Amino acid sequence: MQAVADNVFKALSDPTRRAIFEHLSRDGEQTVHALTYRAGVSQPAVSKHLTVLKRAKLVRHRREGRETHYSAQPQALAPLVDWMTQYGAFWRERFDQLEKLLERMDQ
């Protein structure tokens, strides 16, 4: 499970890949050409970013004639959500302890 989470974090650590994933999530399936137009980088660079996103299972592709269409797979964010939930609980507990300490100090 940790390796899956690491792949998701690594894939989304790059701002261009994050933007591509967000664009696909928001606007739906897109061709490589459409993604390249919006990304502001070359088509080979977009293809490399898409390969990383595919390895992390954040996007999938399908061929239609000469075009390759990509779509976001938001369920692949589950390891990231799990990680955030775990650490959210950790910090809530710490803040509760800090609040109790500060209340005792005020008395």
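These questions and answers concern the sheet, the helices packed on it and a nonpolar surface patch in a predicted model.

Me: In which order do the 3 strands of the open sheet stand?
Reply: The pairing in this open sheet is antiparallel. The strands β1 (30-31) and β2 (59-64) stand at the edges, each with a single partner strand, so one side of each is left without a neighbour in the sheet. The order of the strands is therefore β1-β3-β2.

Me: Which residue in β3 does Thr31 stand opposite?
Reply: Strand β1 runs antiparallel to strand β3 (residues 67-72), and 2 bridges join them. In β3, the residue standing opposite Thr31 is His69.

Me: At about what angle to β3 does helix α2 run?
Reply: Helix α4 (residues 43-55) also packs on the sheet, where it touches β2 and β3, and its direction makes about 120° with that of β2. Helix α2 (residues 15-27), for its part, lies across β1, β2 and β3, and its angle to β3 is about 85°.

Me: Which helix gives the largest share of the nonpolar patch?
Reply: The patch covers about 1100 Å² of surface, and the residues that make it include Phe9, Trp83, Tyr87, Trp91, Leu101 and Met105. Of its residues, 10 come from a single helix spanning residues 78-106, which is helix α5.

Me: Is Leu101 buried, partly exposed or exposed?
Reply: Leu101 has its place in helix α5, and it is one of the residues that make the nonpolar patch. Buried would require under 20% relative accessible area and exposed over 50%. Because its relative accessibility is 36%, Leu101 counts as partly exposed.

Technical notes:
Residues numbered from 1 in each chain as written. Predicted model: local features only at pLDDT ≥ 70, side-chain atom pairs only at ≥ 80, totals over all residues. Heavy atoms only, no water. Patch = residues over 30% accessible without salt bridge, like charges linked within 9 Å, V, L, I, M, F, W, Y side chains within 5 Å. Areas by Shrake-Rupley, 256 points an atom, 1.4 Å probe, with all protein chains shown as cover. Salt bridge = Lys/Arg side-chain N within 4 Å of Asp/Glu carboxyl O. Helix = DSSP H or I, 4+ residues; strand = E, 2+ residues; numbered from the N terminus. Buried < 20%, exposed > 50% of the residue type's maximum accessible area, 1.4 Å probe, protein only. Pairing = 2+ DSSP bridges. Contact = heavy atoms within 4.5 Å. Axes fitted to C-alpha atoms, helices over the stretch in contact; angles between N-to-C directions.
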